[in-house]
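Got the viewer open? Grab a cartoon view, keep the selection box handy, and follow along stop by stop.

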Amino acid sequence: MKVQELVNKFQGELKISPFHILKVLSQIEEKDISFYLINPNLEVRESSVRNILKHFKEGYPIEYITNKVKFMGNEFYVNENVLIPRIETEDLVIFAINLIKEEKIKNVLDIGTGSGAIAISIKKNINDINVKASDISSEAIKTAKYNAKKLGANVEFKTGAYLEPFLEELNEIELIVSNPPYVETDFIDSNTSLKYEPYIALNGGNDGQNFFRVITKKYSNLLINKYLIFESSEFSINKTAMILSNIGVPKIIPDSFGKGRFVFISPD
């Protein structure tokens, strides 16, 4: 199928703008959009046509087709075993980096690391610190390790839930960061845009707060003297802060869009 035929077909059948079609094609084939404008009679690979159709018709994430996403200026490998890093989470990383510099923090732990985006980004920005990361999914840890090697970041990864993999080393940890599962179960089940991302990394229970309840009930005594930064939903951030108040005094931090997104607790 030629480029122009592809555009005409999807524009007519799916009512998608030519620009959007060419934008997705350019991402899949790693070419500039202008390349297709100059070469409208170029033959498009059959696999590219299938992937474009899957993306537009089934809502399959383009990031899982190309297996890459940009985060904090670096290109991360992603697949269906890990969440696709969102731009809001960059704010968490930026906040953490500034805190680490201000407080001269040397030991950081990332819980639920997924692709490793948070831990690796922190390490690449401040190399002379120790960064550890965990995830309940062994497949996610494989992906995170691949990204760390690819991007040249020395991060220690372990498989396990919550703080369990690093309990013996927890005394030395000064800062814990996490973008944990915080999406409400009903929302996941009814939202087709999330159906391809790992359920275990999204599902926060009926009200999205299961992770925060476990953290406070099971580990509160271990977290009292540490800096904590957790990402949560803008719609339930107040509830998250209330739950985490059992550990310390919570402060709600907005993201770049002005939405309450993060809960910060200081040992001071």
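Start by selecting H2 (18-29) and H4 (residues 46-58). This is a predicted model, and in it the axes of these two helices come within 10 Å and cross at roughly 125°. An angle over 145 degrees would count as roughly antiparallel, and 65 to 115 as roughly perpendicular; H2 and H4 are therefore oblique to each other. As for handedness, H2 passes H4 in a right-handed crossing.

Keep H2 on screen and add H1, residues 3-14. At what angle do the axes of H1 and H2 cross? Roughly 125°, with the axes coming within 9 Å. H1 and H2 are therefore oblique to each other, and H1 passes H2 in a right-handed crossing.

Stay with H2 for the next stop, a pocket. Switch on side chains for Ser26, Gln27, Glu30, Ile62, Glu63, Thr66, Lys68, Val69, Lys70 and Glu75, which line the second largest pocket. The space in there comes to about 170 Å³. Which elements each supply at least two residues of this lining? They are H2, helix H5 (62-66) and strand S1 (69-71). H5 gives the most, with three residues. Now colour the lining by residue class: five residues are charged, three are polar and two are nonpolar.

Next, move along the chain and select H6 (residues 87-103) together with H7 (residues 117-125). Their axes sit 10 Å apart, and the helices pack at an angle of about 40°. That makes H6 oblique to H7, since angles have to be under 35 degrees to count as roughly parallel. Look at which way they cross: H6 passes H7 in a right-handed crossing.

Time for the sheet. Show the strands in the order S5-S4-S3-S6-S7-S9-S8 and you have an open sheet of seven strands with mixed pairing. Which strands are at the edges? S5 (156-159) and S8, each of which pairs on one side only. Neighbouring strands here are turned against each other by 20° on average, direction ignored.

Zoom in on S3 (residues 107-111) and S6 (residues 175-178). Parallel or antiparallel: which sense does this pair take? S3 and S6 pair in the parallel sense, over four bridges. For one contact to click on, pick Leu109, whose bridge partner in S6 is Ile176.

Last, slide over to S8 (residues 250-254) and S9 (residues 260-265), which pair in the antiparallel sense over five bridges. Select Ile253 and you can find its bridge partner in S9, Phe262. Then follow the backbone round the turn: S8 and S9 form a hairpin with five residues between them. Finish on Gly258 in that turn, which has a positive phi of about 80°.

Note on methods. Residues numbered from 1 in each chain as written. Predicted model: local features only at pLDDT ≥ 70, side-chain atom pairs only at ≥ 80, totals over all residues. Heavy atoms only, no water. Pairing = 2+ DSSP bridges. 1 Å grid on protein atoms, 1.4 Å probe; cavity = no way out; pocket = protein on both sides within 12 Å on 5 of 7 lines; lining within 4 Å. Points joined across faces, edges and corners; volume = space filled by probe spheres on them. Nonpolar A, V, L, I, M, F, W, Y, C, P; charged D, E, K, R; others polar. Axes fitted to C-alpha atoms, helices over the stretch in contact; angles between N-to-C directions. Left-handed = near helix turned anticlockwise from the far one by under 90°.
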